[in-house]
Amino acid sequence: MSHGPRSGLAAVSSALLAMSRHLEVRDVLKTIVASARELLDAQYAALGVPDDHGGFAQFVVDGVSGEQWKAIGPLPRQHGILAAMLHEATPQRLGDVRKDPRFGGWPSAHPDLVDFLGLPIRDGDEVIGALFLANKNCPKPQGTCGFTADDEELLGILAQHAAIALTNARLYERSRELTIAEERSRLAHELHDAVSQKLFSLRLTAQAAATLVDRDPARAKGELQQVAALAAEAADELRAAVVELRPAALDEDGLVATLRTQIQVLDRAHTARVTFTGHGVKALPAAQEEALLRVAQEALHNALRHSAADHVDVTLQRRGAGAVLRVTDDGSGFDTRTVRRAGRHLGLVSMRDRASGAGGRLTVQSAPGKGTTIEMEVPGG
């Protein structure tokens, strides 16, 4: 092994502890890759999770800068050495990957890989990923693999624990999805029961008012006022329940298309000009997309109903692996020092809760007569 027994044991222990701390799949993948590269002292490391279409659902690298990764281009396909690890489920230790007959080249911006060590990550009989390292940081004779049999054994131990960590992360995300589905079902039942009762009461009260219009106008007026109150309550309960349900359009069309459609509707329905611009945002985890949409909706509601704005601009743009949403209006604004009082009225508390729950952050900039800008950033997945 390239490390002494004491330092090697400590490094393995640190790597396993780091993997066990994370529950999100993306975080687990990043930790596995970084741990493997550090543990075996390699220049590059990567981990790919295959999809069912000959590509990779996720592909995480360590040792390559963001600029390099962007220049490399699209994700690799399942071919060559990667395919051997996935489909044959066998370790691959090569002195020079470029001389292997299965080598098919790489994009011009791709770093030059020489010695190579790769292992499949298995959950029972299923291969759930491929973990590989390249360019071990040590002197090596021409054509001799820098990675040793001990390195392969150590990476095998790490891959076994990586399988456990990745499986646990997937189970966690699946359980969270099921919890959300159950909560949606509960909300749907509550919505049906609560609003149905309100509408039934509203119908009876309206019928009573109709019978009193001619013989007792004063009582009829009181009944009509009750109708208005019941209608307002029904609308509030409907909004409170529906706001918790992920809209079908988000699943079908994605965040950018859903926002653009909703903003076009708002632009036609209000005197204020409402515009939207999206910049290269890729698909995000479902919880983050839903949180961004809900915050955008709440911020737009505030701007159009409370600020007397002439123009509301919404932008959504990529920032690193995540995205940033910005809703800006030229309306009346408010004093952010009194945000504690204004917060609940403007929905700022719920917006901050949504941002925090999605692993993001929310900032609010406003001043009387200066308009308002609400910005939410999420890290991506």
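Begin by selecting Ala-308, which sits in the loop that joins α9 (286-306) to β7 (311-319). This is a predicted model, and in it the phi of Ala-308 is near 60°, a positive value in a residue that is not glycine. With a relative accessibility of 68%, Ala-308 counts as exposed, because the cut-off for that class is over 50%.

**A second alanine with positive phi**

Now move to Ala-89, in the loop between α4 and β3. Ala-89 also has a positive phi, here of about 55°, although it is not a glycine, and it comes after helix α4. Is Ala-89 buried or exposed? At 19% relative accessibility Ala-89 counts as buried, since the limit for that class is under 20%.

**Helix α4 and the pocket beside it**

From Ala-89, step back into α4 (80-88) and colour its buried residues, which are Ile-81, Leu-82, Ala-83, Ala-84, Met-85 and Leu-86. If you then show the elements around them, you will find that the cover over these buried residues includes β1, β2, β3 (92-94), β4 (116-123) and β5 (126-136).

Leu-82 leads on to the next stop, for besides being buried in α4 it is one of the residues that lie nearest the centre of the second largest pocket, together with Pro-76, Trp-106, His-110 and Phe-132. Select these five residues to centre the view, and then extend the selection to the whole lining, which comprises 29 residues. The space in this pocket amounts to about 540 Å³. Which elements give two or more residues to its lining? They are β1 (42-50), β2 (56-62), α3 (66-72) and α4 (80-88). Colouring the lining of the second largest pocket by residue class gives 21 nonpolar residues, five polar ones and three charged ones.

**Helix α6**

Next, go to helix α6 (residues 217-242) and pick out Ala-231 within it. Ala-231 has a relative accessible area of 34% and is therefore partly exposed. A distance drawn from the C-alpha of Ala-231 to that of Ser-201 should read 9.6 Å, for a pair that lies 30 residues apart in sequence.

**Val-295 and Leu-325**

Return to α9, the helix that precedes the loop of Ala-308, and select Val-295, which has its place there. Val-295 has a relative accessible area of 0% and is thus buried. Leaving aside residues up to four places away in sequence, Val-295 touches Leu-325, Met-351, Arg-354, Leu-362, Ile-374 and Met-376. With Met-376 the separation along the chain is 81 residues, whereas the two C-alpha atoms are 7.9 Å apart in space.

Follow the contact from Val-295 to Leu-325, which is found in strand β8 (residues 322-329). Leu-325 counts as buried because its relative accessibility is 1%. Showing the neighbours of Leu-325, again without residues up to four places away in sequence, brings up Leu-259, Leu-292, Val-295, Ala-296, Val-314, Thr-315, Leu-316, Ile-374, Glu-375 and Met-376. Ile-374 and Met-376 thus appear in the contact list of Leu-325 and also in that of Val-295. A further pair to display is Leu-325 with Glu-377, which are 52 residues apart in sequence and 6.3 Å apart in space, C-alpha to C-alpha.

**Ser-366**

Now select Ser-366, in strand β9 (residues 361-366). Ser-366 counts as buried, given its relative accessibility of 15%. Which residues does Ser-366 touch, apart from those up to four places away in sequence? They are Gly-333, Phe-334, Thr-336, Gly-371 and Thr-372. Two of these neighbours deserve a distance label: a polar atom of the Ser-366 side chain lies 2.9 Å from the backbone nitrogen of Phe-334, and the side chain of Ser-366 makes a polar contact of 2.8 Å with the side chain of Thr-372.

**Zooming out**

Finally, show the whole chain, in which there are 11 helices and 10 strands. Of its 381 residues, 40% count as buried, and the chain exposes about 20600 Å², with carbon and sulfur atoms supplying 52% of that area. Among the contacts in the chain with a separation of 6 or more, 62% are between residues 24 or more positions apart.

Methods:
Residues are numbered from 1 along each chain as its sequence is written. This is a predicted model: local features need pLDDT of at least 70, side-chain atom pairs count only at pLDDT 80 or more; totals for chains, interfaces and linings use all residues. Side-chain values use heavy atoms; hydrogens and water are left out. Helices (H or I, at least four residues) and strands (E, at least two) are DSSP runs, numbered from the N terminus. Buried means under 20% relative accessible area, exposed over 50%, partly exposed in between (1.4 Å probe, protein chains only). Contact means heavy atoms within 4.5 Å. Accessible areas come from the Shrake-Rupley method with a 1.4 Å probe; for residues, only the protein chains shown count as cover. On a 1 Å grid over the protein atoms alone, a cavity is a set of points where a 1.4 Å probe fits but cannot get out, and a pocket is an open set with protein on both sides within 12 Å along at least five of seven lines; lining residues have an atom within 4 Å of a point. Grid points are joined across faces, edges and corners, and a volume is the space filled by probe spheres set on the points. Ala, Val, Leu, Ile, Met, Phe, Trp, Tyr, Cys and Pro count as nonpolar, Asp, Glu, Lys and Arg as charged, and the others, Gly among them, as polar. A polar contact is a pair of N or O atoms within 3.5 Å; within protein, one must be able to donate a hydrogen and the other to accept it, and residues adjacent in sequence count only if both atoms are side-chain atoms.
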